[in-house]
Structure formats: structure tokens, C-alpha cells
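Me: I would like a close look at a single part of this model, please. Which element gives the most to the lining of the second largest pocket?

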Amino acid sequence: MTLSLLNPASSQGNVSVNAIVGIGGLGKTALAQLVYNDEKVKNYFEKKMWLCVSEEFEVKLLVKKILECATNNEVPNLLGLEQLRIRLKENLEGKRYLLALDDVWNEDQKKWDDLKAYLLMGAPGSKILVTTRSTRVALVMGVDSPYVLQGLADNEAWDLFEKLAFGEGHGAVMNPNLTKIGKEMVKKCKGVPLAIRSLGSLMHLKTKESEWSSILESELWRSFQTSENILSVLKLSYYHLPTYLRQCFTYCAMFPKDYEFDKETLIRLWIAQGYIVCSSKDDDLEDIGDQYFNELSSRSFFHQSESMNGYKMHDLIHDLAQSIAKGRYFAVENVCEGIHHVYWPYSLNEIEMLVKVKGMRTLFFKSFPKSETLKKVSNFQRLRALHLWWNINGVPNSIARLKYLRYLDISWCEMETLPKSITNLQNLQTLILSFCRRLRELPRDIEKLISLRCLMIDGCDSLRCMPIGLGKLTCLRQLSDFVVAREEGSKGAMLNELKSLNQLKGRIVLRNLRNVENVEIESNQVNLREKKHLQYLVLRWRYTYLYDGPIDNTVVEKNELLLEKLEPHPNLQSLVVESFMGVRFSSWLPSITNLLDITLRGCLKLKQLPPLHQLPFLKTLCLERLYSLEYISDEEPSFLASPSITFFPSLREIVLTNCLNLRGWWRKERRSGVELAQFPRLSKMEITCCNNLILDDGEAIEWGSFRSLQSLSISFLSELKSLPKGLQLVTNLQELTIDDCSSLMALPDWIGNLTSLQWLEISDCPNLRSLPEGMHLLTSLQKLKITGCRELSARCMKEKGVDWPKIAHIPNLEIQPPGF
């Protein structure tokens, strides 16, 4: 049903338009997201763009936002409409795209015609999917037959409410009175899913009949019955929030509609405002904030964004936040004396409009300011959170006047140093300097920042060292990177500075480990094993994979000894090791039993790995540029003699890249006659530049061990002449990508045995000249893409090519013309 929404409802040349129409809260956006994220949709379109439009329908602004979606990059405000048109054409011309325009209100025919002129350069099959609350909007956009959403049927509405209010599978059988009251509530929701979700999440926390009856009899229902204003229902959920959650939710009114926010950032801002309260000294502010966020999310105040990388508020939830905040102390656009929290999308040069506001608590700038205007920020002396963005060449000394400042984000800025006065901000809890690529050093007396809980310096590539005294910041919970000093005699901190920072959590990168000269002295107290809250650890000896010095025994021994000293706590979930120059990996690896992901990258001398099969929860294994590794395991584990024991029970993905000498999994051959339950959950494998691993006769890989595999990508295998025979045993395979295999002469006829195959992509295989007869047996195949194979493309031309009858049954074909 979801894919049918992309069937042409109106034609605009190569581009067709369809619309989903429904009043607020009926799930228009959710249904559009379901289509947008569908696997078949992903395979069909070359470009996908999602844009929330809402009330503002200004052509230049929309073209700019569409271009940003198409390129995944910020577009300068200075570009004119013609420049935007040229860039958009470069990105969309000749490409089949899907553009989702969410929550469109425009009923002006001319505005739509003006915008449409910029969207007609896509390839045939391009589509625009619109969501709107008005049938009139759909007609203006040329859609005569939109998909009109109705409310949920009574039984569907009750099923949704019951699952949320009573829990999955529990029902209300044990209390028929609550069932009766609940069904009355559901009728009042008129089938609106958002209202039902909000109400069901609220009632899940109520257990007394009196509480249910009180909510059923609330005056707020009356306005919903008369005006169909869903905000009245949503207010029920808000008014039943605990006080500590109300202020956290209402704070979000500061952000514009459809704003995608990061969970950790929002929690840090709450902490800066003093909204997070710990009930005991053992509680942690960040953990309590996480609980607050999850509780609001469980009550449907937040939902994951389309990208799945952040969170958003439904537009009606956002309306609720603004309606509650209005007239109190929040504002987004209107500047008045009583506001405390401002998101400012305009130039910092217009800051004069804000200076008159004396009680400002949050300034969240999303603009391209001139640095000289920053001095005026110090006028907001009650400021607790300051977010600046892009192109700032320096932070003024006057920043020290902001005595109450707790949160400072100056990411992506151009300064080389921070003012010394910044260490006077003794209430500062969060300092974010991410991607300040020119920043060379942190303040030497950083230990004065006694309240600091979060220091983010990821992407600060010019940073030379960490300041001595960092280890005295015992409140520190998040430290993105620790940089080992580059120069001998530097006043930078040694690794031992981490000794007392046992409250660190989340992710940390230890950079420039090759600069550790005396391993015993400089790292004997790092104490990573005591840092039980760390989840993601990156150990990076250097940035590049090519070592520029001699790799003698001294270097090898030093690397191996240092790695041994950096043993993490068993709670660690993800480990990345880069440019390690040891021959053997440390024996502590199998003891980190909670590991989910391992990446070893650029470890050029590494020949031996510890037994990875002892990691029962390992989901992803990524080995890149391990030039010396011949076998992943030196010896077959003895327990594999028992077929009842599962080998790698959790492993889902294997990535092998540039492992030039890798020959197989086990150095010793498996005993004959023993059938093993190997890799039962493995679903994805990528093999790149591993010529010794993929052999024509299939001896290097026992493909029968990978029967659960669903996606396989093999690329840059210059010596591969034919697919290995054992691959036909992988009958669950759904996606197969073959890229840049210059010696590949033919695909085997047994490819027809891969009856589950849905996607086949072949690119840059110039010697592949034909397709096998077995292609017609691939009845599940939905998409075939062939590029960079001139002769094969000629044979696959529609109704003309020799191989056309073998592929005519495939619904989606993308064959590059032979001349390209």
C-alpha cells in the first residue's frame, strides 16, 4: 500500500506529484516516512530529499533547502536564486529523485508554479510526495486524486490505545472498569493516532479508576469535540507531566518547527538551565537527564527523525510547547523584554535587537556572524547557555564576564587559541570545540574549570597536546579526545593524566599514541580498566596508514607494550585500533566480553589475532589494511567438535578491506566430517581488495558457513575470473554487488540457484561480456544495475540486446548505455 502512494497522481514532465491529505495528528508525516524509508524506494531512487515546509513558502528559501538536502551540505545565504538553480541542476539533472515536501500549507498557485520550475530537471520516474492538511493545497499542486487519510477505525483505535495503556500482550481483562473508561476516551479521540498515542502513553502511568475517571471528565475534551483542536487532548498529557518534565519539554519551544536535535546536546542544555535534579549524591546529572528524555519520548513528545540520527517534535507537539510557553519566558521570533531563551537564525550583526533583554538565559545562534559583534554577547550577564556557529575567528576576553555561563558551544570556528580568561568561567559545565581545525592548544590552566563535565575537541586536527592539570577535572564525564604531545620536551600532558578521570563515559579517542616514547613511565597509570562507564574506545597511533619511519623490533615492541597497558574495562562495547605497528594483538581482547564492534585499521605488521570467538556478543568485525594478516584465527577452537555449540552466535557483519595476504579464517584446516553451526546470524559481508581470499574454486572461504548471508559486496578483486562455486550454497542471499573486478569473464549459470536474490549490481567489469541463462530463474530479482561494462550493456539493451530475454522479467533495470 505504501508504494502505491508514489504512483503518478499528476504529471509534471518527467516528474510526477502525489499528496497525502489529513488533519493534524492523523499520521501524514509518519506514512510519508514509511514510504520514504522503504527498501524498494531506496533502491529505485538515486536521490532522496526530505523537507519540512510548514507555513513559510518562499521560493528562494525552499530551493536553498532542497539543494542542502540534495548535497547534505550547508548552502551560503549569499547565493542568488539563479546560482541556486544552477547548483540544483548539477545535482538533480538526469537523476531519478524522490522529494518529500512535508506539511505544505501554500494555496497560492503562482508560488507553486515558480517552485515547480526548479524541479523539472530530474530523470523520468522522479516523484514529489506532498503531505498537507488541506485538499485545496493538493489541487493547487495539480493532484486531483490525493490519498486522503481517515481516522482509525474503532477497533484499530482501541488496539493502539490498549497496547500503550496496558502494555503489549497484557490487555485490560483484569479490570473491566478501566476498559470501559478507556473505550470512552478512545471515542473522544475520533480516530486521531497522535491523540490516541498521547493519551495511551499518559494512562499507562495511571492505575486507579479515580485517575482515569478524572481525565475522562476533563474540561479539555469539550474544546476538542467542538473545534477538533487536537491541542486540547495533547494538553492532557502535558498537564499530567511531573513539574521537572514540564520545564524540560517547554524549553524545546525555543527551537523552530521540524528542528532536528541531538539527544545529548539537549540534555546538556537542560543541565545548564538547572532543570536536572539528582535525588542523591550517587546520581549522575547526565543519567538523570537521559531518564527525563526517555520519559518524554515514551509519552510521544519526541520521535526519531527521518534520518534516524536525531529527534524531532511532531508539529502539533511543537505547537503545544509554544502555546504553553507563549506569554511567559520563551520566544523564537518575537523579541520582547520578558524572554529568556532565544534561537536566532539571523545574522549576529542584528544582535542589537536582543541587547535590551536583561534576563537572557539561552542564546542559540544559527548564523554566519562577524567576530567583532561577539563582544556584545558579554552584555547578557545572566546567560547560562551560548551556542555560536561557523566563521568565528576568535573569542573575546570579555567572555569571562559571563559568570553564570554553563554551556558554551563554539564548534566549526577558526580561532587558533582560546582567551586565557575563559578559565575564569568556573561554572562552565560544557565546552564544545568540535571541528575547530585551526585550534592549536587548550588553556594551560584548564584545571581552573572546576565544574567542567564535558569537553568535546573532536575534529581539532591541529591540536598539539593536552594541558597538564587536565586530570584534576574530576567532574569530567565526557572527553572526546586525548592528544599525546607531538614534540619532545613539550609541556603537554602524558597519558597518565587520565588516571583520576574514572567517571568518563561514552566515547574517547586516544590520538598520536606513536608519540609515547617511554611506555613504562608515560602510561603506567592510565587506568583504562577502571573506567567502567566508557563504551567506545579509539586507540590511534597516527592518522595515516603509511608509516614514515623504520618499523624495527623496537617500534614493534613499544607498540605491543603500550597496547597491553591500554586494557579497557570489560564493559566496553566498541573498540577501534588504528595504525598499531605490533605483530601480535594484546591477549586482553577476549576478556572484553561485552564488545559489540571491533575495527582494526592500518595495522600493517599485525600477523596474529587473539581468539575472537570468545566474544559472544560481537556483532560487527571490520579489518582494513592489515597487510600482514594471513588468517583471522591461527587454530580451530577445540569446542567446535561439538555441533551443538554455535560459533560467533551474534556476528551480523564482516568487512574485509585491503587485507592483501588474507587467505582464510583458520590457519589449520577444519576436521573433516564435522558439520559446524557457524555464523548463524551473519547477514552482511563486504570484501574489497582481498584477492587471496576470493578464489575461483572457493577453497579460501567455506561458503556453507555463511548460509544466513543476505548481502554480499565484492570489489576491486583484479584476479577474480569467476564467482566461487561455493557461493551457490548461500541461498538466502538478497543483495549481490560486484564492482571493479577487471578479470571477471562470466557469471556462472548456477547463479539461478540464488532464488532469494532481489538486487544485483555489476559495475566496472569490462571483460564481463554476457549474462548466463540462469538469469531467468531469478524470479525474486527486483533491480539489476549495470554500469562500466560496455559490451555487457550492449547485450542488455531493451528489446535489442542478445541478453535482453534473460532480464526482461526484472521490474527495475538500470543499464548504462554502451557509449558511456
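**The second largest pocket and the helix beside it**

Reply: Let's start with the whole chain: among contacts (heavy atoms within 4.5 Å) between residues at least 6 apart in sequence, 62% join residues at least 24 apart. Please keep in mind that this is a predicted model, with local features needing pLDDT of at least 70 and side-chain atom pairs pLDDT 80 or more, while totals for chains, interfaces and linings use all residues. Residues are numbered from 1 along the chain as its sequence is written, and side-chain values use heavy atoms, without hydrogens and water.

The chain holds 21 helices and 32 strands; these are DSSP runs numbered from the N terminus, H or I of at least four residues for a helix and E of at least two for a strand. Of its 820 residues, 53% count as buried (under 20% relative accessible area, with over 50% exposed and partly exposed in between, for a 1.4 Å probe and protein chains only).

Now to your pocket, which has about 790 Å³ of space, the volume filled by probe spheres set on grid points joined across faces, edges and corners. A pocket is an open set of points on a 1 Å grid over the protein atoms alone, where a 1.4 Å probe fits, with protein on both sides within 12 Å along at least five of seven lines; lining residues have an atom within 4 Å of a point. Here 33 residues form the lining, and the closest to the centre are G27, T29, A30, Q33 and H314. Four elements give two or more residues to this lining: α1 (28-36), β4 (97-104), α9 (193-203) and β7 (303-304). And here is what you asked for: α1 gives the most, with six residues.

Let's stay with α1, since this helix also has a lot of cover. Seven of its nine residues are buried, so α1 is largely enclosed by the rest of the structure. You can find the buried ones in the 3D view: K28, T29, L31, A32, Q33, V35 and Y36. Two names come back here, as T29 and Q33 are buried residues of α1 and are also among the residues closest to the pocket's centre. What lies over the buried residues of α1? The cover includes the strands β2 (15-21), β3 (47-54), β4, β5 (126-132) and β6 (147-148), along with the helix α2 (39-44). Strand β4 is thus a name to look for twice: part of the cover of α1, and also one of the elements in the pocket lining.

Before you leave the model, try a few other places along the chain. F648 sits in the loop between β23 (646-647) and β24 (653-657). Its phi is positive, about 50 degrees, although F648 is not a glycine. With 2% relative accessibility, F648 counts as buried. C689 is another residue other than glycine with a positive phi, near 55 degrees, and its place is the loop between β27 (684-688) and β28 (711-715).

From C689 you can step across to E624: the two are 65 residues apart along the chain, and their C-alpha atoms are separated by 9.8 Å. E624 belongs to strand β21 (residues 620-624) and counts as buried at 18% relative accessibility. Leaving aside neighbours within four places in sequence, E624 is in contact with L600, R601, G602 and T657.
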